[in-house]
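Dear colleague,

I am handing over the structure below, with the sequence alongside, and my notes follow directly after it. Please read them with the model open.

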Amino acid sequence: MKLPMILLTSLALVSTVHAQYFSEGWKPGKPVSKAAPTSTGFTPVATSTERAKSPFDLSTYLESGPLKALFNRAGVNITEKLDMARELAKIWDPRIPFITDDNYEDLIVNEELTIQEEMQRVWVIVITITSAQAEGISKFVDQQFDKAYDLTAEAGDLPNVKWGRIDYMNVTSLTTKWGVWRAPYLVIAQHRGQTLRFYRPHQIRLKAEILREYLLQESYKDYPAWDSPYAPGGPRAFVFEWLAVVMTRIYDVVRPIPRWLLLIITGTLGSVLVNLLHRNKTQAPPEPEVQRAVAPAVSVPAAEVPPSPSTAKAGGAKSGGAKQRKGGKK
């Protein structure tokens, strides 16, 4: 009898527990309950920031153990590069707009201007590569460019001048149409982008005060504009426009790759290609000379040397003729 009593007690406990965690459910004819479910005492664990990253974020894989170790062997600090890329937005002045392939037509070509304003409008644009090379001449050009903008904004004496910045690593079509294959560059554009002047850092003293004075005195008018069949409006401008379409298609494929990593890859491939083109042809080592035994020369007396066939014939002919002559005399 003890066994049935134990079974009944166990079933009663199970039913009590079942009543605590399960409800009877909805039955026909009863209203739908909108009450919030009671708490079960479970507190979810907060997910970390790393787990919340998107699986399409390439930095997640670059910072993983195997790839990080691989880049460390190559002398590249992935964590430092990614931190520099995240802090890059703080380097550039946010008041200076970025000019891209998408907004160039709206900002410069199709800007709403009167005829007089169109003749006076000047765009000063810096083409920078600081997003891939945080240090160097490009960063210096950016800093002086931003200072010149600050001086002009404080003075307010260049109302016809607008400032813009092009990130060389994120713009493809525009730089291809302009024939710009490296950076940094300083560009002065007029007449809705039809008149372009390009300056390398060594061609102009890139100091903030000098750059502002250069614009204030309109000294750029003394510098020759880009006058080429491939320039905007030229008879062969379609060549660069077609090339820009091709380069943009390629850029859309490699866009997910970080720009600094793309520079490393292209630089490495370029070095390998140059080494292949300029390598010296491997020459086989010269074979060792085999010293052959040479018999010593033996001096033979002249009388013992047999006559050659030609000498013998010549001698026979002479002797025969002598005998004939002797015979004739007899």
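In this predicted model, helix 10 takes in residues 237-254, and its 18 residues reach 26 Å from the first C-alpha to the last, which is close to the 26 Å expected at 1.5 Å a residue. Within helix 10, the buried residues include A237, F240, A244 and Y251. These four cover an arc of only 50° around the axis, and they therefore lie on the same side of helix 10. The other side of helix 10 carries F238, W242, R249 and V253, which are exposed.

The second element I looked at is strand 3, residues 185-190, which is mostly covered, with six of its six residues buried. In a regular strand the side chains alternate between the two faces of the sheet. In strand 3, Y185, V187 and A189 point one way while L186, I188 and Q190 point the other way, and all of them are buried.

As for its partners, strand 3 is joined by six bridges to strand 1 (residues 122-128), and the two run antiparallel; strand 3 also pairs in the antiparallel sense with strand 4 (residues 195-199), over five bridges. I188 is a convenient residue to follow here, since V124 stands opposite I188 in the pairing with strand 1, and R197 of strand 4 likewise stands opposite I188. The hairpin of strand 3 and strand 4 has four residues between the strands, and in this hairpin H191 takes a positive phi near 55°.

With best regards

How values were computed: Residues numbered from 1 in each chain as written. Predicted model: local features only at pLDDT ≥ 70, side-chain atom pairs only at ≥ 80, totals over all residues. Heavy atoms only, no water. Expected span 1.5 Å × (residues − 1). Buried < 20%, exposed > 50% of the residue type's maximum accessible area, 1.4 Å probe, protein only. Arc of directions from axis to C-beta. Pairing = 2+ DSSP bridges.
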